[in-house]
Amino acid sequence: QLLLDLPPGDPFYAARAESADMFWKSENPQRALREMRAWCLERGVGFGVVVWPLFQNLEVGATYPFATLHRVVAEFCTSESIPVLDLLPAFRGQPAAALWVDPADMHGNDRAHAIATPALVEFTERLLR
């Protein structure tokens, strides 16, 4: 929620290599998604959005810290008729560390990709029809 609520001049941005323009409240991510959709439509290319969870607090009973962001992005895509797939449900209940490449690299490993693949295949097939 913090990332959704920060005002543009907040010191949070100055302390990082980020700017307020990168965050949802600026409307720039929404604009970028609309522009990508338009670019694809002009070229007859399917377009959809896949929301990957960060592999943190996925375990049963844990509170996933980015659930609100997933919901906001999915609601936006739905309102804009942009196909969207949220992979969070596929990963709920998994031990997050078991999905990491390495403790120093929390990107998805082969197990994470194996979990995501069926949903990605189905989503992609729908986009291609």
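A contact here means heavy atoms within 4.5 Å, and this idea helps in reading the views below of a predicted model.

**View 1. The whole protein, from its helices and strands to its contacts.**
Welcome to the overall fold, where six helices and four strands can be found. Starting at the N terminus, their order is α-α-α-β-α-β-α-β-β-α. Take the contacts between residues at least 6 apart in sequence: 56% of them join residues at least 24 apart.

**View 2. The surface and the buried part of the protein.**
Here we look at what is covered and what is not. Of the 129 residues in the protein, 27% are buried. The accessible surface comes to about 8,000 Å², and carbon and sulfur atoms account for 59% of that area.

**View 3. The largest nonpolar core.**
Twelve residues make up this core. Among them are the aromatic residues F55, Y64, F91 and F123, together with L85, L87 and L88. Two elements, α5 (88-91) and α6 (110-128), each give two or more residues to the core. The most comes from α6, which gives three residues.

**View 4. F91 and the residues it touches.**
Zoom in on F91, a member of the largest nonpolar core. Leaving aside residues up to four places away in sequence, F91 touches W52, P53, F55, L58, L99, A112, I115 and A116. Of these partners, F55, L58, L99, A112 and A116 also belong to the largest core.

**View 5. A second core, separate from the largest one.**
One more nonpolar core is worth a visit. This separate core has eleven residues, including V51, V72, V73 and C77.

Technical notes
Residues numbered from 1 in each chain as written. Predicted model: local features only at pLDDT ≥ 70, side-chain atom pairs only at ≥ 80, totals over all residues. Heavy atoms only, no water. Core = buried A, V, L, I, M, F, W, Y, C linked by side-chain atoms within 4.5 Å. Buried < 20%, exposed > 50% of the residue type's maximum accessible area, 1.4 Å probe, protein only. Areas by Shrake-Rupley, 256 points an atom, 1.4 Å probe, with all protein chains shown as cover.
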